[in-house]
Amino acid sequence: MEQTVGRPREWFDHEYYFGETKSLFFGSVEFTEGARWKAEILDETLHVDPLLDVGCGIGMTVEALRERGRIAYGVDWSLTAIQYKIRPYMFLGSAWVLPF
């Protein structure tokens, strides 16, 4: 079984993101605003492109960065997260073996 740091890969399935046991925070206004806040901080402090969000989940921060005009990509090893909304700048992979 593949592991993340302390968590089995199987934890990050459809139930984790969308099921009855999902985090109450996930999908909330606070979750969305948190992604926008992170994107603002990254945009103001990192003056390089492209940016890569490793462990991006469903890509909220990546989308917020792109809305700010940044070239940003995301990689996550949860197929459920990557398939949430198919985008050409989101990739299935891990930090240990990047898909590019």
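Contact here means heavy atoms within 4.5 Å. I keep that cut-off at the top of the page, since the entry on phenylalanine 100 depends on it: leaving aside neighbours within four places in sequence, this residue is in contact with Leu52 and Phe91.

**Entry 1. The chain as a whole.** I note that I am working with a predicted model. I looked up the secondary structure and found 4 helices and 3 strands. Along the sequence they follow the pattern α-α-β-α-β-α-β. I then looked up burial: of the 100 residues in the protein chain, 33% are buried. For contacts between residues at least 6 apart in sequence, I noted that 39% join residues at least 24 apart.

**Entry 2. The sheet.** How are the strands ordered? I read the order as β1-β2-β3 in an open sheet of 3 strands, with parallel pairing. β1 (51-54) and β3 (90-92) are at the edges with a single partner strand each, so one side of each has no neighbour in the sheet. Direction ignored, neighbouring strands are turned by 20 degrees against each other on average. As background, I wrote down that strands of a sheet pair through backbone hydrogen bonds, either parallel or antiparallel.

I went through the pairing of β1 with β2 (residues 72-76) and found 4 bridges, in the parallel sense. Leucine 52 has tyrosine 73 in β2 as its bridge partner. Helix α3 (residues 60-67) packs on this sheet and touches β1, β2 and β3. The direction of α3 makes about 175 degrees with that of β2.

**Entry 3. Tyrosine 73 and its surroundings.** Which rings make up the aromatic pair? I found a count of 1 aromatic pair. The rings are those of tyrosine 73 and phenylalanine 91, with centres 6.3 Å apart and planes at 40 degrees, so I entered the pair as tilted. Tyrosine 73 is in strand β2 and phenylalanine 91 in strand β3, so the pair ties together parts 18 residues apart in sequence.

I also checked accessibility for both residues. Tyrosine 73 is partly exposed at 29% relative accessibility, and phenylalanine 91 is partly exposed at 26%.

Arginine 66 turned up twice in my search for charges over rings. Arginine 66 lies over the face of tyrosine 73, 5.4 Å from the ring centre. Arginine 66 also lies over the face of tyrosine 89, at 3.8 Å from the ring centre.

**Entry 4. Arginine 87.** Is arginine 87 buried or exposed? I located arginine 87 in the loop between α4 (79-83) and β3. Its relative accessibility is 8%, and buried means under 20%, so arginine 87 counts as buried. Not counting residues up to four places away in sequence, arginine 87 touches Ile58, Gly59, Glu63 and Ala81. I also found a polar atom of the arginine 87 side chain 2.8 Å from the backbone oxygen of lysine 85.

**Entry 5. Leucine 92 and phenylalanine 100.** I found leucine 92 in strand β3, where leucine 92 is partly exposed at 38% relative accessibility. I checked the distance from leucine 92 to glycine 55: the two are 37 residues apart in sequence and 9.8 Å apart in space, C-alpha to C-alpha.

Phenylalanine 100 lies in the segment after β3. With a relative accessible area of 55%, phenylalanine 100 is exposed. Back to the contacts from the top of the page: Leu52 and Phe91 are the partners I listed for phenylalanine 100. Leucine 52 has already appeared as the bridge partner of tyrosine 73, and phenylalanine 91 as a member of the tilted pair.

Terms used:
Residues are numbered from 1 along each chain as its sequence is written. This is a predicted model: local features need pLDDT of at least 70, side-chain atom pairs count only at pLDDT 80 or more; totals for chains, interfaces and linings use all residues. Side-chain values use heavy atoms; hydrogens and water are left out. Two strands pair if DSSP finds at least two bridges between them. Helices (H or I, at least four residues) and strands (E, at least two) are DSSP runs, numbered from the N terminus. Axes are lines fitted to C-alpha atoms, for helices over the stretch in contact, and angles run from 0 to 180 degrees between N-to-C directions. Buried means under 20% relative accessible area, exposed over 50%, partly exposed in between (1.4 Å probe, protein chains only). A polar contact is a pair of N or O atoms within 3.5 Å; within protein, one must be able to donate a hydrogen and the other to accept it, and residues adjacent in sequence count only if both atoms are side-chain atoms. Rings of Phe, Tyr and Trp (its six-membered ring) pair if their centres lie within 6.5 Å; planes under 30 degrees apart count as stacked, over 60 as edge-to-face and the rest as tilted. A charge sits over a ring if NZ of Lys or CZ of Arg is within 6 Å of the ring centre and within 35 degrees of the ring normal.
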